[in-house]
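Biologist: I have a model open and would like to learn how to read it. Can we go feature by feature?

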Number of protein chains: 2
Amino acid sequence: MSTTSPENVGLRERKKAELRTTLIDSGLRLFHEKGYEATTTEEIAACAGVSQRTFFRYFASKENVVLEAIEEVDELLCSFVRERPADEPPFRALRNAMRDHWEVLEREELHLQGSAANFISRSPELIEVNMRYCARRQSRLARVIAERAGVDPADHRPALVAAVFYATLNNGFQVWADSGCGDNTDGLLRCFLEQLDLVPEAVCGNWGRDGG
Amino acid sequence: MSTTSPENVGLRERKKAELRTTLIDSGLRLFHEKGYEATTTEEIAACAGVSQRTFFRYFASKENVVLEAIEEVDELLCSFVRERPADEPPFRALRNAMRDHWEVLEREELHLQGSAANFISRSPELIEVNMRYCARRQSRLARVIAERAGVDPADHRPALVAAVFYATLNNGFQVWADSGCGDNTDGLLRCFLEQLDLVPEAVCGNWGRDGG
DNA sequence: TTGTCTAATGTCAGCGACTGACATAATCTC
DNA sequence: GAGATTATGTCAGTCGCTGACATTAGACAA
């Protein structure tokens, strides 16, 4: 009815969409060049040819510029989760979808769009921002997991798996950052997968003083 | 050598410690009365009888007032983790320590100190602040878990368990908030335990379309 | 006690994120 | 093309937070 296709809408809508994209692109580029904290919202706005006030009419906060970029990447991850074989256990499916979707990210790395994940991972400042918004991302992922598994909407397991998944990724970020980063995103993926593979044992196992 | 005992230190140090406490108390009280966002740092400072600038010499940010309060509670949790029987699997030990330490919190609820957890749980605004700082809290908890288990410092499992633990608590917060809160913290503990108990199956199990 | 030395505080000016209010300019509708 | 909508710019202001500098209060020795 309303926005079935992004075509044939008025000039107004098209301009708005364009400006939103321009603002994101400007923001990401500046963040990349001078760092997140060192970039002011006024600069982003100026870079996109609008006033700061207009910037804040498009984004509720500076962080949201990054988030909008992440959302695309997250959407990609979700689609890969849906494509995983139905008999794969949920957490395992997430782990493998992560691996698969990384390839695509690497391949499309050169475009400004889609490079958000790598972009963030290069900037420690943004890692915190990233963490802060896991809640929002979690709920979406949880919905996908629930659909895939075909469980009751009241079931808390999908949300839990999503929460654990992102918590693990954050941990992986940390491990990767602590180990000098290496500037290569291959290492980051390896960290992610290592951590994800470690979770079942860490949570369910009886390791420690007396156990194995 | 320097601060072995908190006694017999100069007047200067004592005053500093007192002011820190006063600032935390003032902050928590104001947050409770008018809400976190609606309370300005100037008000907190004025309430403690100092200037805003002094406030910021004691706390790097407004959030940190809450954090300092949480830290005491977290320290309590850590001590309960240490007291758990050594043969208890790590994640299980966390779960039970959580249950135990809640009792103490409830009992000491009437004091302003120590009520931070319940205090936060009553204010949805602060839940986000709480989440934001899980990273800091995680690392401390991870250290305790590692010591308890006696594993190699390079082992990533303690950090993972801690990360999963806090992620689960955040999820519990969400569930509790979505279900109308109920204003009673008993419900919150129940949410926490339910979520924690669900984790092993959610992560390790093969639930969904084809699985159980 | 006095005087110095140091650390804590207050004052002030300023930056940057963010917002409300109002005027202006662009698009949409008829 | 006139009038209703909607986006944008401008301006002023709040709040979190910081640097700089002067002032005060506690520490310490003579």
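Biologist: Start with the two chains. What rotation superposes chain B on chain A?

Modeller: First, a caution: this is a predicted model. A rotation of 180° superposes chain B on chain A, with 0.1 Å of shift along the axis and an RMSD of 0.1 Å. That is the relation of a two-fold axis.

Biologist: And through which surface do the copies meet?

Modeller: Compare the interface residues on both sides. Here 100% of the interface residues of chain B are also interface residues in chain A, so the copies meet through the same surface.

Biologist: Now the fold. How many helices and strands does chain A have?

Modeller: Chain A has 10 helices and zero strands. Read along the sequence, its pattern is α-α-α-α-α-α-α-α-α-α.

Biologist: What share of chain A counts as buried?

Modeller: The cut-off is under 20% relative accessible area. Of the 212 residues of chain A, 51% count as buried. Look at contact separation too. Among contacts in chain A with a separation of 6 or more, 65% join residues 24 or more positions apart.

Biologist: Which residues touch the most other members of the largest nonpolar core?

Modeller: That core has 82 residues. Those touching the most other members are Phe91(A), Leu141(A) and Phe165(A), with Phe91(B), Leu141(B) and Phe165(B). Take one of them. Leaving out residues up to four places away in sequence, Leu141(B) touches Cys78(B), Val81(B), Leu94(B), Ala162(B), Phe165(B) and Tyr166(B).

Biologist: What about single residues outside that list? Is Arg84(A) buried or exposed?

Modeller: Read the position, then the accessibility, then the contacts. Arg84(A) sits in the loop between helix H4 (62-83) and helix H5 (90-107) of chain A. Its relative accessibility is 19%, so Arg84(A) counts as buried. Beyond its neighbours within four places in sequence, Arg84(A) contacts Ala93(A), Asn96(A), Ala97(A), Asp100(A) and Arg148(A).

Biologist: Where does Asn170(B) lie?

Modeller: Asn170(B) is in helix H9 (residues 157-178) of chain B. Its relative accessible area is 13%, so Asn170(B) is buried. Setting aside neighbours within four places in sequence, Asn170(B) is in contact with Met131(B) and Cys134(B).

Biologist: And which residues does Gly208(B) touch?

Modeller: Check the chain letters here. Gly208(B) belongs to the segment after helix H10 (185-204) of chain B. It counts as buried, at 16% relative accessibility. Not counting residues up to four places away in sequence, Gly208(B) touches Ala149(A) and Val151(A).

Biologist: On to the DNA. Which residues come nearest to strand D?

Modeller: List the surrounding residues, then pick out the nearest. DNA strand D has 23 residues around it. Thr54(A), Arg57(A), Leu11(B), Arg53(B) and Lys62(B) come nearest.

Biologist: Which parts of strand D face the protein within 4 Å?

Modeller: Split the atoms by type. Of the strand D atoms within 4 Å of the protein, 55% belong to sugar or phosphate and the rest to bases. Next, look at the polar pairs. A polar side-chain atom of Thr54(A) is 2.3 Å from a phosphate oxygen of strand D. For Lys16(A), an N or O atom in the side chain is 2.9 Å from a phosphate oxygen of that strand. Tyr58(A) also has a side-chain N or O atom 2.9 Å from a phosphate oxygen of strand D. Helix H1 (11-34) and helix H3 (52-58), in chain A and in chain B, give two or more residues to the surface near strand D.

Biologist: Which element gives the most to that surface near DNA strand D?

Modeller: H3(A), with four residues. By class, the residues near strand D are six nonpolar, nine polar and eight charged.

Biologist: Now strand C. Which residues are closest to it?

Modeller: DNA strand C is surrounded by 23 residues, and the closest are Leu11(A), Lys15(A), Lys62(A), Thr54(B) and Arg57(B). Of the strand C atoms within 4 Å of the protein, 58% belong to sugar or phosphate, the rest to bases.

Biologist: What do the polar atoms of Thr54(B) and Arg57(B) approach?

Modeller: Name the partner atom each time. A polar side-chain atom of Thr54(B) lies 2.3 Å from a phosphate oxygen of strand C. For Arg57(B), the partner is a base nitrogen of strand C, at 2.6 Å. Arg12(B) has a side-chain N or O atom 2.8 Å from a sugar or linking oxygen of strand C. H3(B) supplies the largest share of the surface near strand C, four residues.

Terms used. Residues numbered from 1 in each chain as written. Chains lettered and ligands numbered in written order. Predicted model: local features only at pLDDT ≥ 70, side-chain atom pairs only at ≥ 80, totals over all residues. Heavy atoms only, no water. Near = heavy atom within 4 Å. Polar contact = N/O pair within 3.5 Å; in protein donor to acceptor, adjacent residues only side chain to side chain. Nonpolar A, V, L, I, M, F, W, Y, C, P; charged D, E, K, R; others polar. Core = buried A, V, L, I, M, F, W, Y, C linked by side-chain atoms within 4.5 Å. Buried < 20%, exposed > 50% of the residue type's maximum accessible area, 1.4 Å probe, protein only. Contact = heavy atoms within 4.5 Å. Least-squares fit on C-alpha atoms with pLDDT ≥ 70 in both.
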